[in-house]
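Biologist: Could you walk me through this model before I set anything up with it?

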Number of protein chains: 2
Amino acid sequence: MTLAPRFEAPYVAVIFSSLRTPGDRGYEAVARRMADLASEQPGYLGIESARDESGCGLTVSYWADEAAARAWKDVAEHERAQAAGRATWYSDYVVRIAQVSRDYRK
Amino acid sequence: MTLAPRFEAPYVAVIFSSLRTPGDRGYEAVARRMADLASEQPGYLGIESARDESGCGLTVSYWADEAAARAWKDVAEHERAQAAGRATWYSDYVVRIAQVSRDYRK
């Protein structure tokens, strides 16, 4: 992952916290495809992701507004990936939708 | 890390995205201490953190409101850790303050 830069506030952050099941089972290829597909959507600003050895991970995607974040959730190919995530790749996850009011950088 | 549960919305998320410099240099012990100290603060809800092999990491702390998040930033021992972070542990970081409007779980 690389750090996403600052963006013009306000903007939206979708915080996806997850626990992976063991084994790849097609996950990595779809995760890469979803990151690429997200980056093509209207209102996409950026994405950050990290996962530790225990399988716990955080992915935060940034969007111009809530409508853009919601539209991405409803993209058909993304909906299929979400269904596979629920069924196969994640033993647990929490999604939080947040509005960023300010940011700063080192 | 473990997943933070859902909390009663609205609440505040502080998203800290960082790139570590090489080597520990006292980092891990202070990071553990800061997680413990944060958990004792008024308005603390939870924390999630993951870092991948490349040194890129995400830490999200959750707070009842902006005043609680800001008060934690100003705790003296935390301020010293932040200074060490700027000087020694992080080659780059971005901090984003966001209000979570809703969340859902698998």
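Modeller: Here is a short tour of the contact between the chains, the salt bridges, the cores and one histidine. This is a predicted model, in which local features need pLDDT of at least 70 and side-chain atom pairs count only at pLDDT 80 or more, while totals for chains, interfaces and linings use all residues. Residues are numbered from 1 along each chain as its sequence is written, chains are lettered from A and ligands numbered from 1 in the order in which they are written, and side-chain values use heavy atoms, with hydrogens and water left out.

Biologist: How many residues does the contact take from each chain?

Modeller: Chain B gives 46 residues and chain A gives 46 residues, where contact means heavy atoms within 4.5 Å. About 3,700 Å² is buried between the two chains, with carbon and sulfur atoms giving 56% of that; buried area is the accessible area (1.4 Å probe) that two parts lose on being put together, summed over both.

Biologist: And which residues in chain B lose the most area?

Modeller: Arg96(B), Tyr104(B) and Lys106(B) do, and together they account for 21% of what the chain B side buries.

Biologist: How many salt bridges cross that interface?

Modeller: The rule finds 6 between chain B and chain A, a salt bridge being a side-chain nitrogen of Lys or Arg within 4 Å of a carboxyl oxygen of Asp or Glu. One pair is Arg96(A) with Glu48(B), whose closest N and O atoms are 3.4 Å apart. That pair runs from strand S2 of chain B to strand S4 of chain A, strands being DSSP runs of E with at least two residues and helices runs of H or I with at least four, numbered from the N terminus.

Biologist: Are Glu48(B) and Arg96(A) buried or exposed?

Modeller: Both are buried, which means under 20% relative accessible area, whereas exposed is over 50% and partly exposed lies in between (1.4 Å probe, protein chains only).

Biologist: What does Arg102(B) pair with?

Modeller: Its side chain meets that of Glu66(A) in a salt bridge, at 2.8 Å from N to O. Arg102(B) is in strand S4 of chain B and Glu66(A) in helix H2 (residues 66–73) of chain A, so this pair also joins two chains. Arg102(B) is partly exposed at 32%, and Glu66(A) is partly exposed at 29%.

Biologist: How many salt bridges are there over all chains?

Modeller: The structure holds 10, including one between Asp103(A) and Arg6(A) with the closest N and O atoms 2.7 Å apart. Asp103(A) sits in strand S4 of chain A and Arg6(A) in the segment before S1 of chain A, so the pair ties together parts that are 97 residues apart in sequence. Asp103(A) is buried, at 7% relative accessibility, while Arg6(A) is partly exposed at 48%.

Biologist: Switching topic, which residues touch the most others in the largest nonpolar core?

Modeller: Among its 20 residues, those are Ile15(A), Val60(A), Tyr62(A), Ile15(B), Val60(B) and Tyr62(B); a nonpolar core is a set of buried Ala, Val, Leu, Ile, Met, Phe, Trp, Tyr and Cys residues joined through side-chain atoms within 4.5 Å. Strands S1, S3 and S4 of chain A and S1, S3 and S4 of chain B each supply at least two residues of this core.

Biologist: Last one, what does His78(B) touch?

Modeller: Not counting residues up to four places away in sequence, His78(B) touches Met34(B), Trp72(B) and Lys73(B). His78(B) lies in helix H3 (residues 76–89) of chain B and counts as buried at 14% relative accessibility.
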